[in-house]
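Here are my notes on this one, in the order I'd go through them with the model open. Have a look at the structure, then read on.

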Amino acid sequence: MKYDAIVIGAGAGGGIAACVLAEAGKTVLLLERGRQLSFADVPRDHLRNHRLSQYGHGTGPDLEGNPRLFNGKRCNPIQGGYNNNASCVGGGTLVYGMQAWRFHPLDFKMASTYGVPEGSSLSDWPISYEELEPYYERAEWEIGVSGSPPAPQMPKRMEYPMPGVPRTTKAKILEEGCRKLGWATQTTPMLINSVPRDGRDACIQCQHCVGFACPSNAKNGTWNTVIPRAIATGRCTLEAQTFVSSILKSKGGRVAGVRYRDAAGNEKTVEAEVVVVACGAIETARLLLNSRIGGDTVGRNLQGHYYATASGFMPEPIWDGVGPGVSISTLDFNHGNDGVIGGAMMSDDFIIMPIHFAKSFRPPSVPAWGQAHKDWMRNYTRFAQVGGPVHEIPSADCRVKISKSVRDKWGVPVASLSGTTHPETVRTTKYMIERAKEWLAASGAGSIYAGTPGLGLSAGQHQAGTCRMGPDPAISAVDLRCRVHGHDNLFVADSSAHVTNGGFNPVLTIMALAYRTCDGIVGSW
């Protein structure tokens, strides 16, 4: 069978691509490497989840047969260098933290605002905030965002479709700290039902949010919004547990379709008029490189986010068990900080599981076992942390390549990640850590501590940049329509196209850009 379009990857971008194309009357084959998971399929185990996968996770990919290389070292999906996003229908949107930020207008013109640091590949986006603005609004209403009026640093916009989540006990204390400092705050925008909407319940404020599936189906992702809409048209066929090994090239700069393995392991070839790749910044680059598409520009500029965070302890217990946990943010330092490039949004954190607290938030002075460790753990109910994702300065040498020696279970060369981020990112992170400490101190916290950032390859679950958007094929992989240079029917609809990744969680920008890209496909068909 020949389809009008094949969409590879059913995550934040791919789910939207399938919906836009199917609702425009096109026949769509949506291929997803992972499984279609129900709530019961996703473990509630504190040591086997997508936030703390100490012994595994339920959201894929499988630990066996899916290696990557990180600076030459082989790793599996639950090891840090892998930089794993969930592999399932909905992708990371099944288990993500749902923070629904628009990028700041200056995020689209970082190079012209700050200059280009030596040794970096910092560049402006070829499109502006204003061009993406209607698609941000579309994502907020079609996927579903709750929140308050925007901070004064952001442009005016329509109200969100739902009110923000309630302030927690901790957030109220942090709000008072910001008031003392003269910092503006806002309720963190979230892709979550704060009230019942679209036939699904509101958030029940449970303690298992980021890293877990939602028990009330209030978490808004592509798996429970646009993908069902696409299938309801009768024109979208979803195949889960598939693996696309290559994109098939035709004559005259066009692609003809894809070759993939179905859930039973059978190899198939399917043709289409248009192919949209939305596998995430690492796997999208891997697929294009294995298909010998895009040349040397594909895979470069891999970036994610450093996190500038500080921790401390309040004089009295502040733990109230009210989820999701994130409810207050400040944008006072996203830009305009003397001596550093960019900045970060800062917010409080999701509810931290006790075992995660013990593993990841313990200061160097506290042992990992024994009486001293137990004494420190008793402070859990007084613990507070603030921080956020820092603008990362991209480098062309941070990249995804394909391994010459390691292959996956299907015999396909795996992704090999290499490089290190730019010193300016470290400098900005150190600056933002001091702001986080300042916030905690003004809120009454004591025993404040933070880690020390250093150079290293950053991608994580906010991975981006490997198919950079731009007009020049010598330094970019896709054009202003997110069409792969030299291939007029091959598009990218994920964070690979991001030129910079903002000082925010990037998912709303992924969604907005996917809407824009696929509207363009439909408009030129």
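1. **Starting at G144.** This is a predicted model, so read everything below in that light. I'd begin with G144, which is found in helix α3, a helix covering residues 129–144. Is G144 buried or exposed? G144 is buried, since its relative accessible area of 0% falls under the 20% cut-off.

2. **What surrounds G144.** Setting aside the neighbours within four places in sequence, G144 is in contact with A139, M162, M190, L191, I192, R197 and N220. For a sense of scale, take A285: this residue is 141 positions from G144 along the chain, and the two C-alpha atoms are separated by 29 Å.

3. **The whole chain.** Zooming out, the secondary structure comes to ten helices and 16 strands. The radius of gyration is 22 Å, close to the 24 Å from the globule rule for 525 residues, so the protein is as compact as a globular protein of that length. Along the principal axes, the C-alpha atoms fill a box of roughly 70 × 50 × 50 Å.

4. **Burial, contacts and surface.** Of the 525 residues, 61% count as buried. Among contacts with a separation of 6 or more, 73% are between residues 24 or more positions apart. The accessible surface comes to about 19,300 Å², with 50% of that belonging to carbon and sulfur atoms. As for charge, there are 52 positive and 46 negative ones, and their mean positions are 5 Å apart.

5. **Strand β1 and its partners.** Strand β1 (residues 2–8) is mostly covered, with five of its seven residues buried. Which strands does β1 pair with? One is β8 (residues 267–277), joined to β1 in the parallel sense over six bridges. Another is β2 (residues 28–31), which also runs parallel to β1, through four bridges. If you want residues to click on, I6 has V275 as its bridge partner in β8, while V7 stands opposite L30 in β2.

6. **From β6 through β7 to β8.** Here the pairing is antiparallel: six bridges join β6 to β7, and five join β7 to β8. In the β6–β7 pair, I247 is matched with V258 of β7; in the β7–β8 pair, R259 has T269 of β8 as its bridge partner. Both pairs are hairpins. The one made by β6 and β7 has five residues between the strands, and G252 takes a positive phi near 70°. The one made by β7 and β8 also has five residues between its strands, and G265 in the turn has a positive phi of about 90°.

7. **G253, in the β6–β7 loop.** G253 lies in the loop between β6 (243–249) and β7 (255–261). With a relative accessible area of 24%, G253 is partly exposed. Beyond its neighbours within four places in sequence, G253 is in contact with G486, H487, D488 and N489. By contrast, S128 is 125 residues from G253 in sequence and 28 Å from it in space, C-alpha to C-alpha.

8. **The open sheet.** Five strands make an open sheet in the order β10-β11-β12-β9-β15, with antiparallel pairing. Its edge strands are β10 (329–330) and β15 (446–449), each pairing on one side only. Two bridges join β10 to β11 (residues 346–348), and within that pairing S329 is matched with S347 of β11.

9. **Two cis peptide bonds to check.** G60 and P61 are joined by a cis peptide bond with omega of about -5°, and P61 lies in the loop between β2 and β3 (68–70). The bond from G323 to P324 is cis too, with omega near -5°. P324 is placed in the loop between β9 (306–313) and β10.

10. **Positive phi outside glycine.** N71 has a phi near 50° and is in the loop between β3 and β4 (73–75). At 45% relative accessibility, N71 counts as partly exposed. N301 has a phi near 65° and belongs to the loop between α6 (281–290) and β9. Where does N301 stand, buried or exposed? N301 counts as buried, because its relative accessibility is 5% and the limit for buried is under 20%.

Methods:
Residues numbered from 1 in each chain as written. Predicted model: local features only at pLDDT ≥ 70, side-chain atom pairs only at ≥ 80, totals over all residues. Heavy atoms only, no water. Rg over C-alpha atoms; globule rule 2.2 N^0.38 Å. Buried < 20%, exposed > 50% of the residue type's maximum accessible area, 1.4 Å probe, protein only. Contact = heavy atoms within 4.5 Å. Areas by Shrake-Rupley, 256 points an atom, 1.4 Å probe, with all protein chains shown as cover. Lys, Arg positive; Asp, Glu negative; His and termini not counted. Charge placed at Lys NZ, Arg CZ, Asp CG, Glu CD. Pairing = 2+ DSSP bridges.
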